[in-house]
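I set out to record which strands pair with which, and which residues make up the nonpolar cores. The entries below follow the order in which I looked things up.

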Amino acid sequence: MLTEVVKRDGRVVRFDREKISRAVLKAFREIDGEITFKAKKTAERIAKSIKDLRQDKLTVEEIQDIVERELMKSNRKDIAKAYILYRDARSRMRQRNSEIMAKISEKIDADNVENQNANVDERSFGGRMGAVTSEVMKNYALDCCMSEMSRNNHLNNEIYIHDLDHYAVGDHNCLSVPFDKLLANSFNTRQTDVRPAQSVSTAFQLVAVIFQLQSLQQFGGVSATHLDWTMVPYVRKSFIKHYKNGLKYLESPMANEEFKIVEDTDDICSVSIENKETYKFPDAYRYAYDMTVKEIYQSVEGMYHNLNTLQSRSGNQLPFTSINYGTCTLEEGRLVTKAILEVSIKGIGKLYKTSIFPCGIFQCMKGVNRKREDPNYDLFQLALRSTAQRLYPNYANVDWSGNDGYDRNDPQTFFSTMGCRTANGWDINGLGQLKDGRGNICPVTIILPTLAMEATELAYGEKSEEDVIEVFMNILDRKIYVAKDMLIERFNFICSQSPDSAKFMYENGLMEGYDGKNIRSALRHGTLAIGQIGLAETLQILIGQNHTTDKGMMVAKRIERLFKDRCSEFKERYKLNFGVYFTPAENLCYTAMKKFKERWGEIPNVSDRKFFTNSIHVPVWEKITVAEKIDVESQLTGYSSAGCITYVELESKIKDNVEALETLVNYAMDKDIPYFAVNVPNDMCTNCGYCDEIEESCPMCGCNEIRRLRRVTGYLTGDYKTAFNEGKQAEVEERTKHSM
């Protein structure tokens, strides 16, 4: 008689015949929709026959084999099949759970640090917890939260679902924060409420607080679209306070009268500090001006330090923060921009390190800062100095053709980005080119090389390249439609969440358009992004050359035109802001290549490296000039409405040639590049703080502990040799310096 069962993990447990009956009855219910008397008798018979075996011990697998044979002997082979399928499903689930547990163990012990996000320390307590949670949530999302269509396209390396670990909770990607409104009107947090800012120092402190709070409501970056304009009223408030203090030191009846006038009215706060004639006492004015400049500088320094130390997500992760500035010609805004750039140049901490966050973005604008006669040209020069030494700021093109229809009198409509490259285009639901309170809701990315290889297999035997291209274009067209369906599926899931899930965001109106009832009213103003990766490798597969050639560019434009046309079509049909996204692909450049190589092996100039080329970029190994790279990519950036970036690699000696850098940035702007960045080596000795391109050891003190800072996508991160994933490290090593 059977008394014991050997489990799969080796444990021995007492035999329970009820478990046999339940498993058999589950198969009957699956087929018949009910459990009949006959089904019960069959289940009892099988369970009893196993119990009565002349063995005292069997394995689980041996028992299940007996159940299968007994069911096959009956007249209900359909029940036997259902049981077999049930057994197979359970087996696959155990295997999946086993794999998940192995992955969890690996992440807990930090045995295989992959650096999927260069801003997360996967070896830290928080990083290990975050990595474990991420693995579990990814599997849950794939199994329980999406259609088979979405799941299969993701697993087949055809259409990648970004931030899969956030799918199940239903949060969105990124947001341009409406700081003007929050600082002026106050806001609520979970624990308290915050009064309107009454000084520039308070305003900058609150910017850091708001950045941190909002970053917890989403999975992507947070941005200030025009920080120089935002700070104008708070610079004035601080100036008035300092002016009052200055008047106190003047022993004059007239000074007392002036003090009363300033004390009794708020109207003075609407007057620019440039209007010296408004203030009757030059000594008090000079004192107030000097103290205000000092306060602005200290406030900006505080913001920089806060944004590089306020760790808010698992893995000791800093909020992904970006600040756009450079167009305010009022004295108050100019002082803010000047302080931002001077603090950037100075660096932070005792070694004056290059700041990782916020990502600085200088907004280039005709008639404002691009020419010598422009009022903010001096700030443009300061920005160039900062870029040459600190990599930031990047450059946003306010006059970009893709931002057509913006209001030159409203900085909330000026072209701005969310750091890595994400941008808001024209809102089809009524907000036009407004940037504040809008963001990228969710992106997917089409793995172009996968589709290209599938096209070559389907077109096997066809004689011409054009035939293969046609097959590819048909596949791509279908997949763009699938990508649209995947985005709508996730968008609807996000819209189904309660506003209580992100109370800070919805209670305080951070997302524009919220009607107080249905969060879809706000989310519909955001962007649904269809991204892409590996255009260069795709062209190599299809025609044996990339888009640095005329033939390659012709095919590239055809591909990008299809993306743009379909997104425009979807935008009109669904009244949602579908946009073409030239994906940052920090982690994806590596993981997509690994999956591709597993399926097709190594193909020269396609999969013989550890990474795919990011979006539509010229491959990093191409030896071309700065102008040639801009010329190539500028032909494609106009197809993107949801975000793109062009960057070039320069020698460190550019620090001594700001004029050349100015020519370069202006060339990019004149070529209608929307977002431009410059990469220069930024190595820092961790002993003495010397910063330049450093070989093996510091030329000043001999230390060989060097922090090697590089751009990962649009933003910076720590030492690329430890912070970047394996593929991104390989990409950095292959980056060619572009000659001027």
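Entry 1. I began with the bridge partner of threonine 646 in E16, and I found phenylalanine 676 there. The model is a predicted one. I then looked up the two strands concerned: E15 and strand E16 (residues 675-679) are joined by four bridges and pair in the parallel sense.

Entry 2. I placed this pair in its sheet. The sheet is open and has seven strands, in the order E5-E8-E9-E10-E11-E16-E15, with mixed pairing. At its edges I noted strand E5 (175-176) and strand E15 (646-649), each of which pairs on one side only.

Entry 3. I returned to phenylalanine 676 and listed its contacts, leaving aside neighbours within four places in sequence. The list comprises Asn394, Tyr395, Ile630, Thr646, Val648, Leu664, Val665, Ala668 and Met669. I note that Thr646, the bridge partner, is also among these contacts.

Entry 4. Which residues touch the most other members of the largest nonpolar core? I found Met231, Tyr243, Ile446, Phe472, Leu476, Ile530 and Phe676, out of 189 residues in that core. Helix H16 (residues 465-495) supplies the largest share of the core, 15 residues. I recorded another core apart from this one; it has 24 residues, including Ala27, Ile50, Val67 and Ile79.

Entry 5. Ile530 led me to strand E13 (residues 527-533). Why do I describe E13 as largely enclosed by the rest of the structure? Seven of its seven residues are buried, so the description follows; the cut-off for buried is under 20% relative accessible area. I checked the two faces separately. On one side Thr527, Ala529, Gly531 and Ile533 are buried, and on the other Leu528, Ile530 and Gln532 are buried, so that both faces are covered.

Entry 6. I next looked up the strands that pair with E13. Strand E12 (residues 440-447) runs parallel to E13 and is joined to it by seven bridges; within this pair, proline 443 has alanine 529 as its bridge partner. Strand E14 (residues 577-581) also runs parallel to E13, with five bridges between them. Here I found isoleucine 530 opposite valine 580.

Entry 7. Lastly I looked up helix H6 (residues 148-155). Its buried residues are Ser150, Arg151, Asn153 and His154. Asparagine 157, which follows H6, has a positive phi, near 60°.

Notes: Residues numbered from 1 in each chain as written. Predicted model: local features only at pLDDT ≥ 70, side-chain atom pairs only at ≥ 80, totals over all residues. Heavy atoms only, no water. Buried < 20%, exposed > 50% of the residue type's maximum accessible area, 1.4 Å probe, protein only. Pairing = 2+ DSSP bridges. Core = buried A, V, L, I, M, F, W, Y, C linked by side-chain atoms within 4.5 Å. Contact = heavy atoms within 4.5 Å.
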